[in-house]
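Here are my notes for your first look at this model. Please keep the structure open while you read.

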Amino acid sequence: MIKENIENILKDLPPGVKIVAAAKERSVDEIREAISSGIKIIGENYINEARSKFEVIGKEVKWHFIGHLQKNKAKYAATIFNVVETLDSLELAEVLDRECWKINKIMPVFLEINSASEPQKQGILIEEAEGFLDKILRFKHLKPSGLMTMGPFSDNPEELRPFFKKTKNLFDKIKLNYGNILEWKYLSMGMSFSYQIAIEEGANIVRIGAAVFGPRKQKI
Ligand SMILES: *Cc1c(COP(=O)(O)O)cnc(C)c1O
């Protein structure tokens with residue numbers, strides 16, 4: 001099942017687009033099956049869950065953090081993850097930089113963009129992104145490398161297209177303005193139901209859960 005799902009996704013994936021298998025609530029066995037079917041990056045939303053999986057799976061894959069990172073968990077994020085896709089505040093940047101400094105690691109980070117300016121959502125507003133970037137450039141153990149966005153909740157993926165477009169425009173603007181000082185490369189957008197549209201709009205990382213592992217069990 002997982003193997004066929006992954007083969008189907010990989011079959012139509014344009015070159016240069018990477019898949020992050022979003023593995024929240026998935027078991028170590030399911031993740032192992034995904035890895036043996038060609039997945040090279042695992043995405044995790046929760047530090048505790050990631051710690052127990054990382055303990056057994058380790059560095060045979062890359063690990064991307066894709067959830068909301070709490071400052072008191074930054075220490076674990078620093079050791080486990082190859083990329084933190086969800087940098088969303090200056091306070092978090094400060095703490096994560098310090099934890100990475102302690103272990104002598106430079107962490108690639110993406111700015112999480114609140115592309116629909118939703119007041120209840122995490123993330124940096126489009127118009128504040130460059131100001132935010134200016135402030136985090138002083139953190140020598142963080143390496144800003146791209147943007148990530150979720151977009152608003154919708155059951156129609158076409159409704160996400162304008163927010164993917166806006167985020168791509170911001171990505172390009174930052175590349176123009178900061179391309180000489182940053183390796184600005186990654187645009188992480190799109191999930192199971194929206195990744196094709198995200199790729200059309202310029203995503204080069206897609207985060208896919210259900211279409212890799214099957215539907216998540218409904219919580220009662
Ligand atoms: C769960 C999750 C995904 C994947 O969602 P699916 O609908 O299962 O593909 C992508 N990004 C984030 C941040 C997630 O939490």
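1. Start with the ligand. This is a predicted model, and 13 residues surround the ligand in it. Lys 24, Asn 45, Ser 192, Gly 209 and Ala 210 come nearest.

2. Look at the make-up of that shell. Seven of its residues are nonpolar. Three are polar and three are charged.

3. Now check the polar contacts. An N or O atom in the side chain of Ser 192 is 2.5 Å from an oxygen atom of the ligand. For Asn 45, a polar side-chain atom lies 2.7 Å from a ligand oxygen. Both distances count as polar contacts because the cut-off is 3.5 Å.

4. Gly 209 uses its backbone. A backbone N or O atom of Gly 209 lies 2.8 Å from an oxygen atom of the ligand. On its own, the ligand has 390 Å² of accessible area, and the protein covers 90% of that.

5. Where does the ligand sit? Its place is the largest pocket.

6. Turn to the aromatic rings. The whole structure holds four aromatic pairs. A ring pair is described by two things: the distance of the centres and the angle of the planes.

7. Take Phe 54 and Trp 63 as one pair. Their centres are 5.8 Å apart, with 80° between the planes. That makes the pair edge-to-face, because the angle is over 60 degrees. Are these two residues buried or exposed? Phe 54 and Trp 63 are both buried.

8. Phe 65 and Phe 81 form another of the pairs. Here the centres lie 5.2 Å apart and the planes meet at 75°. This pair is edge-to-face too.

Notes: Residues are numbered from 1 along each chain as its sequence is written. This is a predicted model: local features need pLDDT of at least 70, side-chain atom pairs count only at pLDDT 80 or more; totals for chains, interfaces and linings use all residues. Side-chain values use heavy atoms; hydrogens and water are left out. A residue is near a molecule or strand if one of its heavy atoms lies within 4 Å of it. A polar contact is a pair of N or O atoms within 3.5 Å; within protein, one must be able to donate a hydrogen and the other to accept it, and residues adjacent in sequence count only if both atoms are side-chain atoms. Accessible areas come from the Shrake-Rupley method with a 1.4 Å probe; for residues, only the protein chains shown count as cover. On a 1 Å grid over the protein atoms alone, a cavity is a set of points where a 1.4 Å probe fits but cannot get out, and a pocket is an open set with protein on both sides within 12 Å along at least five of seven lines; lining residues have an atom within 4 Å of a point. A molecule sits in a cavity or pocket if more than half of its atoms lie within 2 Å of its grid points. Ala, Val, Leu, Ile, Met, Phe, Trp, Tyr, Cys and Pro count as nonpolar, Asp, Glu, Lys and Arg as charged, and the others, Gly among them, as polar. Rings of Phe, Tyr and Trp (its six-membered ring) pair if their centres lie within 6.5 Å; planes under 30 degrees apart count as stacked, over 60 as edge-to-face and the rest as tilted. Buried means under 20% relative accessible area, exposed over 50%, partly exposed in between (1.4 Å probe, protein chains only).
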